[in-house]
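User: I would like a close look at one part of this protein. Please keep it plain, since I am new to reading structures.

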Amino acid sequence: KTASHNVAIVLPQKGRKAGLLNLAISNASLLLDELLVHKEGSQSKLPHSLYELQSVLRLDKIPRRICAFDISNLGESEAVGSMVFFRDGYPRKGNYRHFRIKLVEGQDDFAMMAEVVGRYFRRVREKKEEAPDLVLIDGGKGQLNAAEMALRSLNFDTPVISLAKRIDE
């Protein structure tokens, strides 16, 4: 339809409004790129965040497959592990896993982390699945060391990082 009156389109050239417009255009462009990658399954164009993650962590390759592990203790007898999975920057809920702790008695978060990471990567090997490019551990140095030892014992050379709650580092 056409308007019955004159319509003026104003495009700010400088100042705060021009900055906001440029930010909106940049955000829209990034979002469109990510949506197209997700929709088309394109391997040639990945979210910028994966390239940034590769750079910040100094990884040899882009972390297209990321799994993250956490241990939850619900009292002394109810400990579980969980794993979430991301592919090309997007969650893959079909790949999420829950682990009932079977081998560790008491509250030993380090041993529980080793058990869960070990069980997952043994399954990856048995089913000949593609291993994740990066493992993220919720915990400090103890959980990180436990996960690294579990991976080394299975001859996986997957980079591992951890997030500590104290200073979210």
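Which residues do ring pairs link into a cluster? Please start there and work outwards.

Analyst: A word first: this is a predicted model. The cluster consists of Phe69, Tyr120, Phe121 and Phe156, linked by ring pairs. The structure holds three aromatic pairs.

Take the pair of phenylalanine 69 and tyrosine 120. Their ring centres are 5.8 Å apart, and the planes meet at 65°, which makes the pair edge-to-face. Where do the two residues sit? Phenylalanine 69 belongs to strand β1 (residues 65-73), and tyrosine 120 belongs to helix α3 (residues 109-126). The two parts are 51 residues apart in sequence, so this pair ties them together. Phenylalanine 69 has a relative accessibility of 1%, so it counts as buried. Tyrosine 120 has a relative accessible area of 5% and is buried too.

Tyrosine 120 has another ring partner, phenylalanine 121. Here the centres are 5.3 Å apart and the planes stand at 90°, again edge-to-face. Phenylalanine 121 is at 0% relative accessibility, so it counts as buried.

Now follow phenylalanine 121 along its helix. Two packed helices are described by the angle between their axes and the distance between the axes. For α3 and helix α4 (residues 141-153), the angle is about 35° and the axes are 8 Å apart. The crossing of these helices is right-handed. Which residues of α3 make the contact? They are Asp109, Phe110, Met113, Ala114, Val117, Gly118 and Phe121. Helix α4 brings Gly142, Gln143, Ala146, Ala147, Ala150 and Leu151. Sorted by class, this α3 and α4 contact has nine nonpolar residues, three polar ones and one charged one. Phe121 therefore has two roles in this picture: it is in the ring cluster, and it is in the helix contact.

Go back to phenylalanine 69 and its strand, β1. What does β1 pair with? One partner is strand β2 (residues 79-87): β1 and β2 pair in the antiparallel sense over nine bridges. Serine 72 stands opposite valine 80 of β2. Another partner of β1 is strand β5 (residues 134-138), joined by four bridges and running parallel. There, cysteine 67 has valine 135 of β5 as its bridge partner.

Alanine 68 is also in β1. Its relative accessibility is 14%, so it counts as buried. Leaving out residues up to four places away in sequence, alanine 68 touches Ser82, Met83, Val84 and Leu136. The C-alpha atoms of alanine 68 and leucine 134 are 8.5 Å apart, although 66 residues separate them along the chain.

Next, β2. In a regular strand the side chains alternate between the two faces of the sheet. Strand β2 shows such alternation. Ala79, Gly81, Met83, Phe85 and Arg87 point to one face and are buried. Val80, Ser82, Val84 and Phe86 point to the other face and are not buried.

Strand β2 has further partners. Four bridges join it to strand β4 (residues 97-100), and the two run antiparallel. Serine 82 has histidine 98 of β4 as its bridge partner. Two bridges join β2 to strand β3 (residues 90-91), also antiparallel. Arginine 87 stands opposite tyrosine 90 of β3. The hairpin of β2 and β3 has two residues between the strands. Aspartate 88, in that hairpin, takes a positive phi near 55°.

On the β5 side, the pairing goes on. Four bridges join β5 to strand β6 (residues 160-163), and these strands run parallel. Leucine 136 of β5 stands opposite isoleucine 161 of β6. Leu136 is also one of the residues that alanine 68 touches.

To put it together, start from the ring cluster of Phe69, Tyr120, Phe121 and Phe156. The pair of phenylalanine 69 and tyrosine 120 ties strand β1 to helix α3. From α3, the path leads to α4 through their packing. From β1, it leads to β2 by antiparallel pairing and to β5 by parallel pairing.

How values were computed
Residues numbered from 1 in each chain as written. Predicted model: local features only at pLDDT ≥ 70, side-chain atom pairs only at ≥ 80, totals over all residues. Heavy atoms only, no water. Phe/Tyr/Trp six-rings, centres within 6.5 Å; stacked < 30°, edge-to-face > 60°. Buried < 20%, exposed > 50% of the residue type's maximum accessible area, 1.4 Å probe, protein only. Axes fitted to C-alpha atoms, helices over the stretch in contact; angles between N-to-C directions. Left-handed = near helix turned anticlockwise from the far one by under 90°. Contact = heavy atoms within 4.5 Å. Nonpolar A, V, L, I, M, F, W, Y, C, P; charged D, E, K, R; others polar. Pairing = 2+ DSSP bridges.
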